[in-house]
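Here is a short briefing to keep beside the structure while you look around. It goes topic by topic, so feel free to stop and find each part as you read.

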Amino acid sequence: MNGISNSKRERRRKKRTNKKNNRRTTAEQAAALRWIGEWVSLASSSPPPPQPSTPSSVSDDFQVSVTRKQSLPERPAFELHSHSFYSDGYLSPSALVERAHRNGVRVLALTDHDTMAGIPEALQAAYKFGIRIIPGVEISAVFSPRRESASEEPVHILAYYGSCGPVGFEELDNCLSSIRDGRYTRAKTMLLKLRSLKMPLKWEHLVKIAGNGVAPGRLHVARAMVEAGHVENLKQAFSRYLFDGGPAYARGNEPHAEEVVKLICRTGGVAALAHPWALKSPIPIIRSLKAAGLHGIEVYRSDGKFAAFSDLADTYGLLKLGGSDYHGRGGHDESDLGSVNLPILTVYEFMKLARPIWCNAIRDILQSLADAPSNSKLERILKFGRLKYPKGEMSPSCCKDIADLCYSWLTDEEKQSIEFEAIRCKLSDIVIHNSNGFPNPVISR
């Protein structure tokens with residue numbers, strides 16, 4: 001009897017504990033949801049209708065106070081992995097943003113392979129639909145435990161940046177340009193290998209598929225193979241010939257993965273390992289990249305298979321992220337934009353880590369512009385922000401407008417910082433004399 005009574009008491013105790021944990025989790029989710037919703041709507045041209053609840057205050061560590069019996073705003077959908085035709089996607093950035101809007105996405109990261117060229121167009125479209133764009137890129141790299149080419153494994157690293165883009169943009173751009181140049185050499189090598197396999201392809205055909213100025217990738221080669229009748233579909237092209245180490249596979253000019261992670265960290269970005277389930281040896285790669293500064297790892301997928309990589313994320317203290325990796329191929333086996341349902345606390349942890357990084361990047365970029373104004377600095381910032389001027393003319397107070405645009409990513413507490421206010425005042429003193437704007441505005445104090 002005593003054992004039975006103890007067992008019942010233990011079950012009741014666990015039940016009470018679970019109820020307390022559930023209440024605590026609900027409060028955390030509510031706090032996270034309110035703060036994320038407020039951030040999403042800050043720069044929206046068409047914010048969601050006001051909720052009956054009172055706006056919550058935000059503290060320095062992004063915790064939000066919650067009032068009981070307040071109704072929660074609708075959970076904003078985040079899509080953190082997508083591609084346009086600026087790399088190997090099928091849709092333009094505008095069409096991608098429109099599709100994301102139709103699917104209910106409120107925050108979209110455009111993460112084309114080795115280029116950020118699609119970001120300006122995505123920002124233009126996002127303004128129309130009230131979507132916030134996170135400027136991103138998926139960087140091609142290789143991992144080798146001994147830095148030997150024979151043991152190399154392809155790795156993709158996602159980078160997420162703030163409203164002003166990367167700090168030291170030239171360093172990142174040079175890296176991406178080098179990778180893209182290597183893609184042309186790699187594509188030509190692939191075509192030579194396919195020719196030796198009795199599957200000839202014309203270079204002109206491949207370049208036409210890739211698009212004007214786009215470095216050809218494996219997906220473009222696969223599409224050319226399908227159109228030439230060498231394979232039935234893209235899946236067959238990859239599974240038989242183009243897979244890593246396959247008979248038609250070739251290496252490009254990809255840097256080592258650890259160096260890519262360090263570069264992302266240096267330039268004010270959040271670094272995440274893309275699709276780790278595609279890796280042959282994920283554990284040593286994750287361990288090494290974590291030591292280099294990796295922030296997160298893709299865990300969530302639209303098919304719900306994530307348990308093993310969730311455990312790895314816990315082991316190495318990494319953010320658990322995920323996205324559809326949408327390319328717009330239109331096949332039934334492709335995950336659509338917004339199909340990966342990220343838990344609200346996962347999004348909150350991502351933003352909690354990213355915001356200070358982006359905040360520092362915004363400060364450094366604007367401080368550099370304020371200290372030494374130049375056309376090139378203005379142009380770089382405007383790649384990642386949208387200012388409305390009639391007929392493309394630039395306002396004399398453009399630098400102040402840029403500061404206000406970048407500050408739209410900041411909380412009220414951050415905006416009121418003495419440091420940021422000093423930068424904004426300094427930018428307000430900069431005048432652009434040429435009303436026609438770029439390419440040759442005259443900047444002075």
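**Helix 5 and its two sides**

Let's start on the outward side: Glu-204 and Lys-208 of helix 5 are exposed, opposite the side that holds its buried residues. Please keep in mind that this is a predicted model.

- The buried residues of helix 5, which spans residues 203–210, are Leu-206, Ile-209 and Ala-210.
- Because these three cover an arc of only 100° around the axis, they sit on the same side of helix 5.
- A general point helps here: an α-helix has 3.6 residues a turn, so residues three or four places apart point the same way.
- What do the buried residues of helix 5 pack against? Their partners are helix 4 (169–196) and helix 6 (218–227).
- Just after helix 5 comes Gly-211, with a positive phi of about 105°.

**The sheet as a whole**

- Seven strands make up an open sheet with mixed pairing, and their order is 1-2-3-4-5-6-7.
- At the edges are strand 1 (77–79) and strand 7 (319–322), each of which pairs on one side only.
- On average, neighbouring strands of this sheet are turned by 35° against each other, direction ignored.

**Strand 5 and its neighbours**

- Strand 4 (residues 153–160) and strand 5 (residues 270–273) run antiparallel and are joined by four bridges.
- Two of the residue pairs are easy to look up: Ile-157 has Leu-273 of strand 5 as its bridge partner, and Ala-159 has Ala-271.
- With strand 6 (residues 296–300), strand 5 pairs in the parallel sense over two bridges.
- Leu-273 comes up again here, standing opposite Ile-297 in strand 6.
- Between strand 5 and strand 6 the chain passes through helix 9 (residues 282–292), and this β-α-β crossover is right-handed.
- Are the residues on the two faces of strand 5 buried or exposed? Val-270 and Ala-272 on one side are buried, and so are Ala-271 and Leu-273 on the other, leaving both faces covered.
- That split follows a general pattern: in a regular strand the side chains alternate between the two faces of the sheet.

**Helices lying across the sheet**

- Helix 2 (residues 93–102) lies across strand 2 (105–110) and strand 3 (132–143), and runs at about 150° to strand 2.
- Helix 3 (residues 119–129) also lies across strand 2 and strand 3, at about 155° to strand 3.

Conventions
Residues are numbered from 1 along each chain as its sequence is written. This is a predicted model: local features need pLDDT of at least 70, side-chain atom pairs count only at pLDDT 80 or more; totals for chains, interfaces and linings use all residues. Side-chain values use heavy atoms; hydrogens and water are left out. Two strands pair if DSSP finds at least two bridges between them. Axes are lines fitted to C-alpha atoms, for helices over the stretch in contact, and angles run from 0 to 180 degrees between N-to-C directions. Contact means heavy atoms within 4.5 Å. Buried means under 20% relative accessible area, exposed over 50%, partly exposed in between (1.4 Å probe, protein chains only). A crossover is right-handed if, with the strands pointing away from the viewer, the path from the first strand over the helix to the second runs clockwise. The arc is that of the directions from the helix axis to the C-beta atoms.
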